[in-house]
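Please load the model below in your viewer and keep the selection panel at hand. The tour goes from one selection to the next, with a short account of what is found at each stop.

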Amino acid sequence: MLSDLAKRALYSSGALGLYHRLRNRHQLTVVMFHRVLDPRDARWGTCDPDYTLSVDLFARSLAFLRRHYSVVSADEVLRARRDGTPLPPRPLLITFDDGWSDNAQYALPALRQAGLPALLFVVADAVGARQPFYQERIYAAWRRGAIGVDDLVAELRALGVDASETGSDEGALRAVIARIEALDVAARDRLLGAFAAQLDDGLQHMVDAHDLRRLQAHGVALGLHGKTHTPMTRAPDLDSELVGARTALAAHLGADAPAGDTLSFPHGAHDRAIAERARASGYALAFTSVPVLNPVAPRPGWLLGRTGFDTRTIADAAGHFRPERLALYLFRKERRVLA
């Protein structure tokens with residue numbers, strides 16, 4: 001493995017940038033963000049660090065992307081797909097998943113400062129909700145000390161689930177959350193109901209219709225991320241997650257509702273049959289969580305890979321942004337058409 005000093009030398013010499021300019025000239029990179037928060041925000045202390053960047057690291061990431069890529073809009077990618085309109089060299093699309101209110105509060109000002117467009121995939125039923133998805137509520141309650149892993153295990157056992165997780169660390173928590181995800185809806189609702197008071201932190205986490213209109217007005221296109229955030233491989237009603245998502249979002253936005261041309265699969269969960277159902281439902285582009293670069297000649301594919309990253313990918317132990325880490329992480333991704 002390269003030492004930090006060698007990585008910095010490769011980057012500062014321009015060698016990594018040259019490699020990228022030659023190798024990825026005709027590759028579409030799609031990056032995936034979730035939350036962007038100010039560390040002074042009350043939500044920072046309980047957010048999931050796997051899906052959250054500080055506003056400073058986000059702004060520095062945008063500066064990096066501007067330097068090394070031609071950042072394009074969702075409309076440009078759609079045109080390239082539909083009629084072969086060429087994309088600029090080294091195109092990159094910025095995306096966000098879920099519909100967090102901090103996207104409007106913190107990410108949007110940084111995007112506007114950098115002069116960059118983006119695409120937000122919103123969970124239709126989450127618009128106007130105050131509390132986040134149950135996984136994030138459990139994680140936040142654990143970080144606040146309101147729930148312990150043992151509490152969750154005890155409730156799972158009361159439901160007849162053979163939960164054997166022990167310990168109180170993050171690994172044990174994530175294992176228990178995975179068990180909760182596997183429950184049927186009725187059992188999960190019962191478990192969540194038992195901890196209703198502990199799971200509500202009283203803060204606003206999700207976008208509302210006003211946030212979405214403001215995002216749209218300032219260069220952030222809207223796509224769909226399902227209706228309920230249920231993994232589509234587990235969805236009892238796939239049509240509701242695909243077509244119903246558009247209808248539900250239109251109920252929030254009315255005439256301002258997007259056409260519903262783009263979709264990202266919640267949790268990245270999909271298979272070939274689900275992808276084809278999405279395509280038949282009218283989505284012109286669908287985005288996965290497969291971290292590959294997407295060839296654009298003669299035109300981009302319909303199913304596109306995305307690459308996510310977190311603080312540990314781009315910063316040192318002191319939290320300082322390290323562009324050489326991001327360069328080595330992004331520039332060398334596999335180049336592949338998803339089928």
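Begin with H267, which counts as partly exposed because its relative accessibility is 40%, a value that lies between the limits of under 20% for buried and over 50% for exposed. Bear in mind throughout that this is a predicted model. H267 sits in the loop that joins strand 8 (262-264) to helix 13 (272-280), and its phi is positive, at about 60°, although the residue is not a glycine. Most residues other than glycine have a negative phi, and most peptide bonds are trans.

Two further stops concern the backbone. Select H229, in the loop between strand 7 (220-224) and helix 12 (238-253), where phi is again positive for a residue other than glycine, near 75°. Is H229 buried or exposed? With a relative accessible area of 8%, H229 is buried. Then select A297 and P298, which are joined by a cis peptide bond with omega near 0°; P298 belongs to the loop between strand 10 (294-295) and strand 11 (303-304).

Return now to helix 13 and colour I274, A275 and A278, which are buried. Looking along the axis, you will find that these residues cover an arc of only 100°, which puts them on the same side of helix 13. An α-helix has 3.6 residues a turn, so residues three or four places apart point the same way. The buried residues of helix 13 are covered by elements that include helix 12, strand 8 and strand 11, while the face turned away from the buried side carries the exposed residues R272, A273 and A280.

From there, move to strand 7 and select G223. G223 is buried, its relative accessible area being 0%. Once neighbours within four places in sequence are set aside, the contacts of G223 are with L119, L120, F121, V122 and T262. If you draw a distance from G223 to A286, the two C-alpha atoms are 9.6 Å apart, although 63 residues separate them in sequence.

The next selection is the largest nonpolar core, a set of 65 residues in which F64, L65, I94, F96 and L212 have the most contacts. Helix 5 (residues 101-114) supplies the largest share of this core, with seven residues. A second, separate core has 23 residues, among them Y134, L183, A187 and L199.

Centre the view on F96, and show what surrounds it. Beyond the neighbours up to four places away in sequence, F96 is in contact with F33, H34, V36, F58, N103, A107, L111, A118, L119, L120 and F121. One of these partners, F58, is found in helix 3 and is buried, with a relative accessible area of 0%. With the residues up to four places away in sequence again left out, F58 touches F33, V36, L53, F96, A107, A110 and L111. For a more distant landmark, add R143, whose C-alpha lies 23 Å from that of F58, across 85 residues of sequence.

Now show helix 5 together with helix 11 (residues 209-217), and view the pair along the line between their axes. The axes are 9 Å apart and the helices pack at an angle of about 35°, in a left-handed crossing. Which residues make this contact? Helix 5 contributes S101, N103, A104, Q105 and L108, and helix 11 contributes D211, R214 and L215. By type, the residues of the contact divide into three nonpolar, three polar and two charged.

Also in helix 11 is H210, which counts as exposed because its relative accessibility is 54%. From H210 to A172 the distance is 38 Å, C-alpha to C-alpha, over a separation of 38 residues in sequence.

The last stop is helix 2 (residues 15-23), where L16, G17, H20 and R23 are buried. Seen down the axis, the buried residues of helix 2 fall within an arc of 140°, so they line one face of the helix. To see what these residues pack against, display helix 1 (4-12), strand 1 (27-33), helix 3 (55-68) and helix 15 (323-331).

Definitions and conventions. Residues are numbered from 1 along each chain as its sequence is written. This is a predicted model: local features need pLDDT of at least 70, side-chain atom pairs count only at pLDDT 80 or more; totals for chains, interfaces and linings use all residues. Side-chain values use heavy atoms; hydrogens and water are left out. A nonpolar core is a set of buried Ala, Val, Leu, Ile, Met, Phe, Trp, Tyr and Cys residues joined through side-chain atoms within 4.5 Å. Buried means under 20% relative accessible area, exposed over 50%, partly exposed in between (1.4 Å probe, protein chains only). Helices (H or I, at least four residues) and strands (E, at least two) are DSSP runs, numbered from the N terminus. Contact means heavy atoms within 4.5 Å. Axes are lines fitted to C-alpha atoms, for helices over the stretch in contact, and angles run from 0 to 180 degrees between N-to-C directions. A crossing is left-handed if the near helix is turned anticlockwise from the far one by less than a right angle, and right-handed if clockwise. Ala, Val, Leu, Ile, Met, Phe, Trp, Tyr, Cys and Pro count as nonpolar, Asp, Glu, Lys and Arg as charged, and the others, Gly among them, as polar. The arc is that of the directions from the helix axis to the C-beta atoms.
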